[in-house]
Amino acid sequence: MTILITGGAGFIGSAFVRLCRSATDSRIVILDALTYAGNLSTLETDLKDSRVKFFPGKIQDATVVEGIIAAEGVTHIVNFAAESHNDRAMLEAGSFIQTDVYGVYILLEACRKFKIERLLHVSTDEVYGSIDVGEFTESSPIEPNTPYSASKAGGELQIRAAVKAHGIPAVVTRGGNTYGPYHFPEKLIPFFISRLIDGKKVPVYGDGTQVREWIHCEDHAGGILHALQHGKVGESYNVGDQNERTNMEVVKILLEETGRDESHIKTIPDPRRGAHDKRYSMTTDKLEALGWKPKKPFEESLRDTVRWYKDNEDWWRPLVATDDYKRFIKAFYGPTLGEDL
Ligand code: DAU
């Protein structure tokens, strides 16, 4: 296999690069736009491997995508490239549609032209919307509620149609909330860890009773590789770990592990308004029936993640020092965090 990993310098994409290096003998070609969320320092060790090649560029750019596929003899594509932060999409959703919908279309066109053997598209459980009781299965309706998840659903629908119209050999995975090392410090877990290390307050939306189902990035990457190798064309597979926790439960572990007390919690009016999904939960029976199982225990691995951030300030401090990061934090949290910003 020569795998093109798009978005390979991002959080889950880079975990997948590490996994492919250790668990397969494939050649690995990475295409990444290096937006604020993609970081070459994450790939420092991987880029020393002679099996790995890196190209900067966007999946929306057909010339770049097709040029790489032709020159490198790509046989498989795994698409991690995406705008993925709900809060940024509350401020501006155009870039999400560009990457998460139009970019997927460009990849599908390239699959068609170059007869790619398999496209694995990485999607999210958020396409199902929110569920109060029970669990989503892969045949639950697609009912996204947020500007971000609507863009991911748009990408998935492009794939569904391309499988039917053009016989593109595509498989989709829908991942749960993911945590672990090299996670850009804007999502709940890495954002709060970085602030707590610095003794700052953490902004909990509403009462913090929203429920998320957490999976470690290594398990998420493992589920994607399994679906790439064993999934059936035209099917979707949930990749989760059935670790349901309220946001407040997660925050309390982060407080403990960083040695901070509850005075560091600041509850703020919910900035996601009506687009804030209350609960995500899904069954993973379909992928487990193909022989996959997540391995990492949640609480222990979350504590390890906090320790990773304590030990790897060189990785995240430059990210929180950029003008783009400061601008986003000010625009999104300024009105509610005020002097605690
Ligand atoms: O479920 C999969 C999805 O998980 C992925 O598709 C998304 O790319 C990923 O960002 C994540 O979406 P969420 O919106 O659930 O993740 P986030 O870490 O941003 O928020 C988790 C929960 O924490 C959510 O209920 C909102 C809350 N939250 C988040 C932030 C950043 C806060 O209370 N305060 C915050 O400052």
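User: In this predicted model, what makes the pair between Lys 187 and an oxygen atom of the ligand a polar contact?

Analyst: An N or O atom in the side chain of Lys 187 sits 3.1 Å from an oxygen atom of the ligand. The cut-off for a pair of N or O atoms is 3.5 Å, so the pair qualifies.

User: Which other side chains place a polar atom by a ligand oxygen, and at what distance?

Analyst: Tyr 148 has a polar side-chain atom 2.6 Å from a ligand oxygen. For Arg 272, an N or O atom of the side chain is 2.6 Å from an oxygen atom of the ligand. Both values are within 3.5 Å, so both pairs count as polar contacts.

User: How much of the ligand does the protein bury?

Analyst: The protein buries 95% of the 690 Å² that the ligand exposes when taken alone.

User: What surrounds the ligand?

Analyst: There are 26 residues around it, and the closest are Thr 124, Asp 125, Tyr 148, Arg 272 and His 276. By class, nine are nonpolar, 10 polar and seven charged. Helix H3 (86-91), H6 and S8 each give two or more residues to this shell.

User: Why is Ser 140 called buried?

Analyst: Its relative accessibility is 16%. Buried means under 20%, so Ser 140 meets the term. Ser 140 sits in the loop between strand S5 (118-124) and helix H5 (147-166). Its side chain reaches the backbone nitrogen of Thr 137 at 2.9 Å.

User: Is Tyr 36 buried, exposed or partly exposed, and why?

Analyst: Tyr 36 has a relative accessible area of 21%. Buried needs under 20% and exposed needs over 50%, so Tyr 36 is partly exposed. Its place is the loop between strand S2 (27-32) and strand S3 (52-56).

User: What makes polar contacts with the side chain of Tyr 36?

Analyst: The side chain of Arg 88 does, at 3.2 Å. The side chain of Glu 186 does too, at 2.8 Å. Both values fall within the 3.5 Å cut-off, so both pairs count.

User: How far apart are Tyr 36 and Phe 184 in sequence and in space?

Analyst: In sequence, 148 residues separate Tyr 36 and Phe 184. In space, their C-alpha atoms are 8.6 Å apart. Phe 184 is also one of the residues in contact with Tyr 36.

User: Which residues touch the most other members of the largest nonpolar core?

Analyst: Leu 254, Leu 302 and Tyr 333 do, in a core of 35 residues. Elements giving two or more residues to this core include helix H8 (247-258) and helix H10 (298-311). Beyond its sequence neighbours within four places, Leu 302 is in contact with residues including Tyr 179, Ile 189 and Leu 254.

Technical notes:
Residues are numbered from 1 along each chain as its sequence is written. This is a predicted model: local features need pLDDT of at least 70, side-chain atom pairs count only at pLDDT 80 or more; totals for chains, interfaces and linings use all residues. Side-chain values use heavy atoms; hydrogens and water are left out. A nonpolar core is a set of buried Ala, Val, Leu, Ile, Met, Phe, Trp, Tyr and Cys residues joined through side-chain atoms within 4.5 Å. Buried means under 20% relative accessible area, exposed over 50%, partly exposed in between (1.4 Å probe, protein chains only). Helices (H or I, at least four residues) and strands (E, at least two) are DSSP runs, numbered from the N terminus. Contact means heavy atoms within 4.5 Å. A residue is near a molecule or strand if one of its heavy atoms lies within 4 Å of it. A polar contact is a pair of N or O atoms within 3.5 Å; within protein, one must be able to donate a hydrogen and the other to accept it, and residues adjacent in sequence count only if both atoms are side-chain atoms. Accessible areas come from the Shrake-Rupley method with a 1.4 Å probe; for residues, only the protein chains shown count as cover. Ala, Val, Leu, Ile, Met, Phe, Trp, Tyr, Cys and Pro count as nonpolar, Asp, Glu, Lys and Arg as charged, and the others, Gly among them, as polar.
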